[in-house]
Amino acid sequence: MAEGRRKSKKQELLLAGVQELNQHGIVDFSVRRVAEACGLSPAAPYKHFSNKNEFIAAIISYNYSLWYTRLRAVVDAYPDDYRRQLTEMVVTYVCFLVENPHFRSVLMIKDDSLDGGHEGLRSRLSRLPNEMAEKYRDWVGMPEDIFIRKKFVIRSLLYGAALMFENGELAYDEDSLEMLRAMVDREFDLP
């Protein structure tokens, strides 16, 4: 698609679907409202998605592809430095959450109506970061109990920083991102 051209109808539906999930969750997700938000007939989404569940799965897959592209760039930038990969992944993740607030909603969906197939799509979102963390653990010979604690601290920093940026408690700027980067990196030095 040439730059400046209009988004495809399917992409418009996916973006509007993300907003619908943000506002109403999976149980109250309405394909009709999504179509209306795009200025389309209620039947139009079914030209792209066979049913509501397929539509929700497509939204999750769409988010995954955006996130995965950024993660691969980090891994490729620091191919032999697992610690740097992990530190930069956290900063990249925070930036992605701030710049794509709907992504956190998709990530955090804990809805009983989400069947096993869709749950599998969501679990892919954390597969690469978890693999990188395990490679780092093995690379430095970190005991499992310390690894679990460090994962908890780093994930707390990640989600806490994203929330603080989003609600304005912390300026979303390079200085704050550098502070986060230093805090995450420092965690690797602590026992």
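Here are three short exercises on this predicted model, each with a worked solution.

**Exercise 1.** Work out what secondary structure the chain has, and how much of the chain is buried.

*Solution.* Start with the element count: the chain has nine helices and zero strands. Reading along the sequence then gives α-α-α-α-α-α-α-α-α. Next, take burial, with the cut-off at under 20% relative accessible area. On that basis, 43% of the 191 residues are buried. Finally, look at the outside: about 10500 Å² is exposed, and carbon and sulfur atoms supply 53% of that area.

**Exercise 2.** Find the largest nonpolar core and say which helices feed it.

*Solution.* First, get its size: this core holds 32 residues. Within it, M89, V94, F165, L180 and V184 have the most contacts. Now trace the helices. At least two core residues come from each of α3 (52-77), α4 (82-99), α7 (127-140), α8 (144-166) and α9 (174-189). Of these, α4 gives the largest share, with 10 residues. Don't stop there, though: a second, separate core has 17 residues, including L21, V34, I56 and Y62.

**Exercise 3.** List what F165 touches beyond its sequence neighbours, then check how far apart in sequence the chain's contacts reach.

*Solution.* Step one is to drop anything within four places of F165 in sequence. What's left in contact with F165 is V94, V98, L170, A171, Y172, S176 and L177. Step two is to zoom out to the whole chain and keep contacts with a separation of 6 or more. Of those, 65% join residues 24 or more positions apart.

Key:
Residues numbered from 1 in each chain as written. Predicted model: local features only at pLDDT ≥ 70, side-chain atom pairs only at ≥ 80, totals over all residues. Heavy atoms only, no water. Core = buried A, V, L, I, M, F, W, Y, C linked by side-chain atoms within 4.5 Å. Buried < 20%, exposed > 50% of the residue type's maximum accessible area, 1.4 Å probe, protein only. Helix = DSSP H or I, 4+ residues; strand = E, 2+ residues; numbered from the N terminus. Contact = heavy atoms within 4.5 Å. Areas by Shrake-Rupley, 256 points an atom, 1.4 Å probe, with all protein chains shown as cover.
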